[in-house]
Amino acid sequence: MSVVVALFLAGTVAYLVVRPRATQGGGSTDVPLPPDITDILDEGDSGRNLAIQVQDKENPDRLAAELLAARYDPDGPSHRKVEQPRAWLFGEDGSTWYIEADKGRFYIPEGNDQPRSGSLTGHVRARRFGPDAAGRPDPETAMPTVTATTDAPLHFDLDVYSFETEGRLHVESDELDFVGRGVFAVLNEQRESLSRLRVDHGEKLTYTPGDEPAAPPISSVDRVGPTTVLTAFTPAGSTAAQAETPASPEQVEPQSAAQPPAMPGAPKIDLYQTRFNDHVVVTHGSEVIKSDLLTVWTRLIDNKIPDRSRPQSARGPMPAMLSDLLPSLAAATPDPIGAAPPAGTPDSDAVLSPEPAPGVDPAAPNQTHPPAAEPVVLTWDGPMEVVPLQNEPSELTMGDDVALRFDVTEGHVEFEDTTTHAAGRAQTASYFEGRERVELIGPAGSVELESPESGRISGANSMYIELGAGVVMIPTAGELTGAQHDDTPGAESPQRIRWRSSAMFSFALKDGRMTDRIERARFEGGVEGASRDSTLNGERIDAIFDSEEGGDPRLVQLNAEKARGDDGRGGTLAGDGLEVHFAPGSRGDDLDPTRVIITGSALARREGGESIRADRIDASLTRKDDGDITVTQADAEGSVVFNDGRGAEGRGDHLEADALAENAVITGEGSRVSSGTASITGAHIELDNAKRTVLVEGPGTFSQADSDGKSIEATWDEKMFFDDLAGRLDCVGQTTAESIDADGTRDHVEAHRLEITLDPYSNNGHDLNQRLRSAIAFGNGDAMASIESRRVAVGTLPEEPRVDEIFHLEGGEIRFAARDDRLDVPGPGKLFVLDRRPDADNAGNDGNAIIGAGGRRGTTLFTWTGSLGFDRRAGEAVFADGVRVAHKPLTQAAITELTADSLVARFTKEEGSSLAEGGEFDGALRFAEARGGALLHVDRRREIAADHLIYDAIRGVVQAESGPSGHVEVTDLLRGTTSHPRAILWDMREDRIELTEPGSVVAPE
């Protein structure tokens, strides 16, 4: 409002002349009251050196204004001509206005004491001087803060308080430079407001922000209000007048009031709408806005723009869109037009009230602002009009006191930075000063911002920029493309983000103002991101930047919901939530991802390679020398399923993996690791690929199945450790191991501890099916270790097998040497053998005690207290100390027992093969040799005792002999007779005994 009033300061001359004169009841003063003005300016009178003073009614001692003229003459009925009219206006703050022209003409109807209308012509000029000038500064030497001139007559009509000039009006100040032609204004004296302002042809309005606090608007500071007119003059015809010497009236010097006069009652509110039409161009440095129409809405309270505690900073820099992609919204933002005023000027608006700063030294040659301040230049070709509003417009209903809007009738509002060539467009661009909000609107996705160096935002219907909060909102679908984006068919190199719902960008603030340092970017609704071969899709993507002052913003974190990312080289990330952390790039790249966190149905996979599925995955990343990104560490939780890409896979509740050390820990009940057909389960599994070891803490299992249907199962309840380099497997705690062939044949081991040695791992010609070297099964105080083999009948179904052979071995320690195909039990033990296969060779046997109707087939139990050495390749077992053998033929209930101090037994096997080479041990006893206290019991019918006893199961012959000092004792338990030969030969098939060197015979009486 103050600028609008300043445009027409020349009209104040007439305004002062028509002030009502003082009444006798007015304030006291030592200055004598002059005659009535009509007594001076009677019809036909002329005079020189007219001087009229205006006293402040509220403070009679203060001079408010003074009107001077070198000469006045009549000009027809009720008109007066004046020459060299000049006027001084003294503001309450100490500032001064000086108004002058070459000539003037006033209309004063007969009987009136004040002009009703008139004009000023010839070099019409008004100048304002700051408070430091004090009193009446010399207009020729003092530096004005505001100057207004027009090259055509200025007409005024005080009946309607209108002022008009058809010429070119030019207003200049430290901050303002206005040029327009054909100006018409109507004032509301009672409200001290503007009723209408029109400029027929606009030219230019330039605003240069200053650094010093500005004075309050002229409309409030320089208001004279109701005054008393005091005159000090030389009457017409006096000596002084005839001598044409300047009058020296007794003057009341202007004095500054202690404080502005209080406004009675409620504050006065005025609402205005200002329009600039046709080819509107706003320029701020290299930033340009073009439109057809600029509309400004303003709310004044007591003729001032209210202080809404806006940020006290000179001017915030233009906001940026997305640092790397669209560095600046400079061209898109009407911030220079509606920027917050300089510090200390909360009651003035950048466009409508740029009052110059007080305190300017009148003797200074130049009081303009430093050239570093960038001016804001507004140009237009058509009319400008200011009209008051009766009701509050919608543009000011949200607490704003100033609002601007750029519109077009066709095409778009265009904005551009001519230095960076960043540009944009919208159908309308609005700025709301109170909220510091910019709105860009355009139908059908026509809002667009573009930077040749960084990229483009397009496809949006609207965009909202909160300068005070540093936030940019796009509540519609849109697309963001990088500067390197190329969608040419055949040469596609995408660099874009598309979204279907909304986008938001947050920028750093400085001194309460928005900067171009982006802090955050968020995209929602079917977001699709692509960068060359890589893609990232999600329902929401949130990017966080490090925007340190003085540096380029750097992406530090990327969050996505319902996300799926592909690196274009077979790598995939997916999950309900995705969080990626970045660090400064290495090896020539801008950014390196350093950490990835995936939550909810998390997936990290490389096609044909490693993969992880879990409820949550947390992985650390690094860039390799070849430029690829690789995982260094990974932590997965909840229903973890993984694959190392080399055939190993697993699952568990928790996975910790160190890719550099090549180790991993899988925990959780039921955790499992498998490779090929082999798998390991346990609650805590540690894999060390570099050392090629596996450790299972706590109970666990091992299983393997080959293509031939053979399976191996093992369990333990304390710990399992496997060292591939050493070829060592340890199972601690209650351990079981079982091997089952496709036909149902089963080998079973039970031990408190099981140690297995395999061929060590070798990089050169390594056989993945490492061969067994040795195995040791340990028992404990409560139970012995055991080994059992069960063979099924040929031709039986696997689901219903018939067991024909059982080999069951027990001992405190059982040792197996695979290469020698040897079993050793270095302590007490037990061996049970079942063989119930048909024996064609013995089908017609008469069923003697040893062989029975089933021949040599049947069950045999060996026990001993010393040791067992079993050479399975040779089919020979050596039992020591306390040996006992019990045999039962298949078809008889009779049991034959043999005891001795030691025993050597030989068993049958497949010809030409050993068990270590895949040969089958059939469990059939071939030969037994007992030494030392041998005692043979045959079904309670016959008993043979000897130092040395040999049983040939193939021929069915028993041979017994005594030692050097002993004899054989043969007892017929049925007859009660005993003989003591030196040796015997018993043909068991014929049940015929031959006595060698017979001795005595004892028979019952």
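## Exercises on salt bridges and strand pairing

Arg71 is partly exposed, with a relative accessible area of 22%. The model in which this value was computed is a predicted one.

**Exercise A.** Determine which residue forms a salt bridge with Arg71, and assign that residue to the buried or the exposed class.

*Solution.* Begin with the contact: Arg71 forms a salt bridge with Asp73, and their closest N and O atoms lie 2.8 Å apart. This separation satisfies the criterion of within 4 Å. Next, consider accessibility. Asp73 has a relative accessibility of 14% and is therefore buried, because the class covers values under 20%. Arg71, at 22%, is partly exposed.

**Exercise B.** Find the salt-bridge partner of Arg540, and state which strands the two residues occupy.

*Solution.* The partner of Arg540 is Glu561, with 2.7 Å between the closest N and O atoms. The pair links distant parts of the chain, 21 residues apart: Arg540 belongs to strand E32 (residues 534-546), and Glu561 to strand E33 (residues 554-566). To complete the description, compare each value with the classes. Arg540 is partly exposed at 24% relative accessibility, and Glu561 is partly exposed at 36%.

**Exercise C.** Classify each member of the salt bridge between Arg955 and Asp952 by accessibility.

*Solution.* The closest N and O atoms of this pair are 2.8 Å apart. Arg955 has a relative accessibility of 52% and so counts as exposed, since that class requires a value over 50%. Asp952, by contrast, is buried, with a relative accessible area of 16%.

**Exercise D.** State how many salt bridges a search of the whole structure finds, and which residues are linked with Arg728 in a network.

*Solution.* The search of the whole structure finds 44 salt bridges. The network of salt bridges links Arg728 with Asp730, Arg753 and Glu755.

**Exercise E.** Describe the burial of strand E41 and its pairing with E40 and E44.

*Solution.* Start with burial: strand E41 (residues 693-697) is mostly covered, as four of its five residues are buried. Turn next to strand E40 (residues 678-688), which runs antiparallel to E41 and is joined to it by four bridges. Within this pairing, Glu686 has Leu695 of E41 as its bridge partner. The hairpin of E40 and E41 has four residues between the strands, and Arg692 takes a positive phi near 55° there. Finally, examine strand E44 (residues 719-723): five bridges join E41 to E44, again in an antiparallel arrangement. Here Val694 has Phe722 of E44 as its bridge partner.

How values were computed: Residues numbered from 1 in each chain as written. Predicted model: local features only at pLDDT ≥ 70, side-chain atom pairs only at ≥ 80, totals over all residues. Heavy atoms only, no water. Salt bridge = Lys/Arg side-chain N within 4 Å of Asp/Glu carboxyl O. Buried < 20%, exposed > 50% of the residue type's maximum accessible area, 1.4 Å probe, protein only. Pairing = 2+ DSSP bridges.
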